[in-house]
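Please write a short report on this structure for a first-year student. Keep to what can be computed from the model.

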There are 2 protein chains.
Amino acid sequence: MSRVRVHNFAISLDGFGSGEPQSLEAPFGHAGERLHEWRFGTSSWKEGGSTGVDDLFERRHNDGFGAEIMGSNKFGPPGWQDDSDWKGWWGPNPPFHTPTYVLTHRPRSSIEMEGGTTFHFLDASPEEALAVAREAAGDLDVRIGGGATVVRDYLAAGLVDHAHFAVTPIVLGRGSRVWDGLEGLESSYDVEQVSAPSGVTHVTLTRKA
Amino acid sequence: MSRVRVHNFAISLDGFGSGEPQSLEAPFGHAGERLHEWRFGTSSWKEGGSTGVDDLFERRHNDGFGAEIMGSNKFGPPGWQDDSDWKGWWGPNPPFHTPTYVLTHRPRSSIEMEGGTTFHFLDASPEEALAVAREAAGDLDVRIGGGATVVRDYLAAGLVDHAHFAVTPIVLGRGSRVWDGLEGLESSYDVEQVSAPSGVTHVTLTRKA
């Protein structure tokens, strides 16, 4: 059955999914690539990389997803809506390979990219966007791709079936924080924590039956 | 050599060391005892309890400490300064067994308790209080006992040599948060994360040489 999932969403010890300020040169602000170094150390990314729990999560990065929903800040730097040529950070062949729904108050025409990714732009509530993405995903899962605000909104709305966070051993101090407004989340989810030798702790939330 | 340490300081996934509101009936506010359940499950606390990593941390709870510094909110509920008979939450024989310095803007006379605990009251900066506590501790360590605000202040001032946090699998949403204002803490500390079957992740920060 199709599920709604967050996967490989990296946060700092203090819960930030990105730093600030976000810009064309620094998509994650002062966090740089530090939230994602654990991924680059796995055998999925490089020969001779790690093959333990980090790699298990990394290998499932795109596994079973039929659509993605992302926030405006994930698609581009502040102001991308004013650039009619902006097609995301990821070049001609983005790593999504599915219909990908970008939440924005200034929607534009869909953009078909190489490799199966088509960007669609929606001015919609989390529930409305999910209905559209579910339809597109069919039996496959829908990824809530971030940033932190969007992940938080979907968790707060009770729409997420499974979430995976990678807690990296840094303190960002500022940026976009994922946990705010989610008091009592553990009453709806089984929470598991597994540390990896890379220094990361994988936190998974599985909706209770 | 005497070190300054935080040990067994429990926080939620979102970094809160206690809930709110704190009161005589609810010292940890809406967190209740949930931040500390992992401790009660160890063989240090009950026969047949766990003997793994949780218990290793728990057994060192008082190990090697010659003095403690705590914040006003750890010593009593809001307004305890107006009660001249208040002697802390812990009954006649508190679990500190050392000189214990309570930071407060309304100091009072010292209180000698059973079992080696004497409460002293200081209206002092973190540095000033530490100088007094170090003198009392001699070759033993000084514990920064909390709450979250005091732990944060000592970390921010660069005064902590070693810190241990137990990250419990709950989202408190509100209360007193330990990580605020500590951007870049990882540049001064080696950070290790170890998960336990209880659901807790032990995060240790060891000051870099």
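This report goes from the two chains to one chain, and then to single residues.

## Two copies

The model is predicted. Start with how the chains relate. A turn of 180° and a shift of 0.0 Å along the axis lay chain B on chain A, with an RMSD of 0.0 Å. That is the relation of a two-fold axis. Which C-alpha of chain B is nearest the axis? The C-alpha of B:Ser195 is, at 2.7 Å from it. Both copies use the same surface: of the contact residues of chain B, 100% recur in chain A.

## Chain A as a whole

Chain A holds 5 helices and 11 strands. Its radius of gyration is 16 Å, and the globule rule gives 17 Å for 209 residues. These values are close, so chain A is as compact as a globular protein of that length. The C-alpha trace of chain A spans about 45 × 40 × 35 Å along its principal axes.

How much of chain A is buried? Of its 209 residues, 51% count as buried. Chain A also exposes about 9,200 Å², and carbon and sulfur atoms supply 51% of that area.

Now look at contacts along the sequence. Take those in chain A between residues at least 6 apart in sequence: 63% of them join residues at least 24 apart.

Charge comes next. Chain A has 18 positive and 29 negative side chains. The centres of the two sets lie 2 Å apart.

## Helix 5

Helix 5 of chain A covers residues 148-156. Its buried residues are A:Ala148, A:Val150, A:Val151, A:Arg152, A:Tyr154 and A:Leu155. A:Gly158 follows helix 5, and its phi is positive, near 70°.

## Backbone angles to look up

Both chains have a cis peptide bond. In chain A, the bond from A:Glu20 to A:Pro21 is cis, with omega near -15°. A:Pro21 sits in the loop between strand 2 (16-18) and helix 1 (37-40) of chain A. In chain B, the bond joining B:Glu20 and B:Pro21 is cis, with omega about -15°. B:Pro21 is in the loop between strand 2 (16-18) and helix 1 (37-40) of chain B.

Positive phi also turns up in residues other than glycine. A:His97 has phi near 60°. A:His97 belongs to the loop between helix 3 and strand 4 of chain A. B:Asn8 has phi near 60° too, with a positive value. B:Asn8 is part of strand 1 (residues 4-12) of chain B.

## How covered are they?

The table lists five residues with their relative accessible areas.

| Residue | Relative accessible area | Class |
|---|---|---|
| A:Thr98 | 8% | buried |
| A:His97 | 40% | partly exposed |
| B:Asn8 | 5% | buried |
| A:Val53 | 23% | partly exposed |
| B:Ser18 | 7% | buried |

Why does A:Thr98 count as buried? Its relative accessible area is 8%, and buried means under 20%.

## Three residues and their contacts

Begin with A:Thr98. A:Thr98 lies in the loop between helix 3 (72-75) and strand 4 (99-103) of chain A. Leave aside neighbours within four places in sequence. A:Thr98 is then in contact with A:Phe65, A:Gly66, A:Ala67, A:Glu68, A:Gly116, A:Thr117 and A:Thr118.

Next is A:Val53, in helix 2 (residues 53-59) of chain A. Which residues does A:Val53 contact, leaving aside its neighbours within four places in sequence? They are A:Val194, A:Ser195, A:Ala196 and A:His202. A:Val53 and A:Phe165 are 112 residues apart in sequence. In space, they are 13 Å apart, C-alpha to C-alpha.

Last comes B:Ser18, in strand 2 of chain B. B:Ser18 and B:Phe28 are 10 residues apart along the chain, and their C-alpha atoms are separated by 5.0 Å. B:Ser18 touches B:Phe28. Not counting residues up to four places away in sequence, B:Ser18 also touches B:Ala31, B:Leu35, B:Leu172, B:Arg174, B:Gly175 and B:Ser176.

Conventions. Residues are numbered from 1 along each chain as its sequence is written. Chains are lettered from A and ligands numbered from 1 in the order in which they are written. This is a predicted model: local features need pLDDT of at least 70, side-chain atom pairs count only at pLDDT 80 or more; totals for chains, interfaces and linings use all residues. Side-chain values use heavy atoms; hydrogens and water are left out. Copies are superposed by least squares on the C-alpha atoms of residues with pLDDT of at least 70 in both. Contact means heavy atoms within 4.5 Å. Helices (H or I, at least four residues) and strands (E, at least two) are DSSP runs, numbered from the N terminus. The radius of gyration is taken over C-alpha atoms; the globule rule is 2.2 Å times the number of residues to the power 0.38. Buried means under 20% relative accessible area, exposed over 50%, partly exposed in between (1.4 Å probe, protein chains only). Accessible areas come from the Shrake-Rupley method with a 1.4 Å probe; for residues, only the protein chains shown count as cover. Lys and Arg count as positive and Asp and Glu as negative; His and the chain ends are not counted. The place of a charge is taken as NZ of Lys, CZ of Arg, CG of Asp or CD of Glu.
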